Amino acid sequence: NKGKNYLRLGKYKDAIEALTRAYDLNPRDAEVLRSLGFAYQLSGNPEQGAWYHQTALYFVPDSTDYLIGPVSDAILLDPDLSLTQSARVISACEHRIVQNPEDYATIYRLSRMLQVTGKRIEGTTLLDKLETALRMKLKTEPLNSNAMIYLALTLTRMGKFPEATMWGQKAIGVNAIDPMIYFRLAQMYSLQMYSPQRKKIDEKKKADSVKALKQALRLSYRLDELTNADFYNMYEHGNF
């Protein structure tokens, strides 16, 4: 708990020291391993963080869920890890989607993993299918804020920023008390804020991302959301 409080204060060195002591006392504690993974990610050492997350897989109740979540986010921040460790994450995502074809969060994560690991055609094809499925869902459930925000993220990954932003704002209008909507909105703006062509940061998008993230954290402080790989553009900015 001391280590986790240091994390909330941004004191990563102190957090790692306290959590390492906890790890020495009980190296099989999944929460300690998970927290150490987050601490190293936030301190700029994703490879070390990934090691703790991969160790936690042996002790968490649902290894598939953990692979799709923290492990996926950790390895995506390191090009070498994403190439060598992505197969397990992809397999876990595919297994989960077979069980629940409407698990939009997992479909989005799978498409993201495919894009990042050089399988751009497969990733784009999956994003096209996800866009179609989400639009159909919103025709039958026009107030489904979860579908709206994942459509916003999907369109952002496809480069359709104006429409993505419209859906993101609409999701907040429908459900302004769900912290997860604000986390996803912050991730959307984070993805949109950097232009590879112009090699320039859009300061307004960055400010919008910080604003949404602050609101998300007021509602629910989530280390797993702070370490979401969609925030990779934000890591070097002090506001983050």
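**Pockets and salt bridges in a predicted model**

Trainee: Which element gives the largest share of the lining of the second largest pocket?

Mentor: The structure is a predicted model, in which local features need pLDDT of at least 70 and side-chain atom pairs pLDDT 80 or more, while totals for chains, interfaces and linings use all residues. Residues are numbered from 1 along each chain as its sequence is written, and side-chain values use heavy atoms, without hydrogens and water. A pocket is an open set of points on a 1 Å grid where a 1.4 Å probe fits, with protein on both sides within 12 Å along at least five of seven lines, and lining residues have an atom within 4 Å of a point. Six residues of this lining come from a single element, namely H5.

Trainee: How many residues line the second largest pocket?

Mentor: Helix H5 (63-76), H7, H9, H11 and helix H13 (223-226) each give two or more residues to its lining, where a helix is a DSSP run (H or I) of at least four residues. Nearest the centre of this second largest pocket lie Gly69, Arg109, Arg184, Asp224 and Glu225, and the whole lining amounts to 23 residues.

Trainee: Which residue forms a salt bridge with Arg112?

Mentor: A salt bridge is a side-chain nitrogen of Lys or Arg within 4 Å of a carboxyl oxygen of Asp or Glu. The pair links distant parts of the chain, since Arg112 lies in helix H7 and its partner, 39 residues away, lies in helix H5. Their closest N and O atoms are 2.9 Å apart, and the partner of Arg112 is Asp73.

Trainee: Is Asp73 buried or exposed?

Mentor: Buried means under 20% relative accessible area, exposed over 50%, and partly exposed in between (1.4 Å probe, protein chains only). Arg112, with 1% relative accessibility, is buried. Because the relative accessibility of Asp73 is 2%, this residue also counts as buried.

Trainee: Which residues are linked with Arg112 in a network of salt bridges?

Mentor: A search of the whole structure finds 18 salt bridges, and the one between Arg112 and Asp73 belongs to a network. Together with Arg112, that network links Asp73, Arg109, Arg157 and Asp230.

Trainee: Why are Glu203 and Lys206 separated by about one helical turn?

Mentor: These two side chains form a salt bridge, with their closest N and O atoms 3.3 Å apart. Glu203 is partly exposed at 48% relative accessibility, whereas Lys206 is buried at 13%. The separation is about one helical turn because, in helix H12 (residues 203-219), Glu203 and Lys206 are three residues apart.
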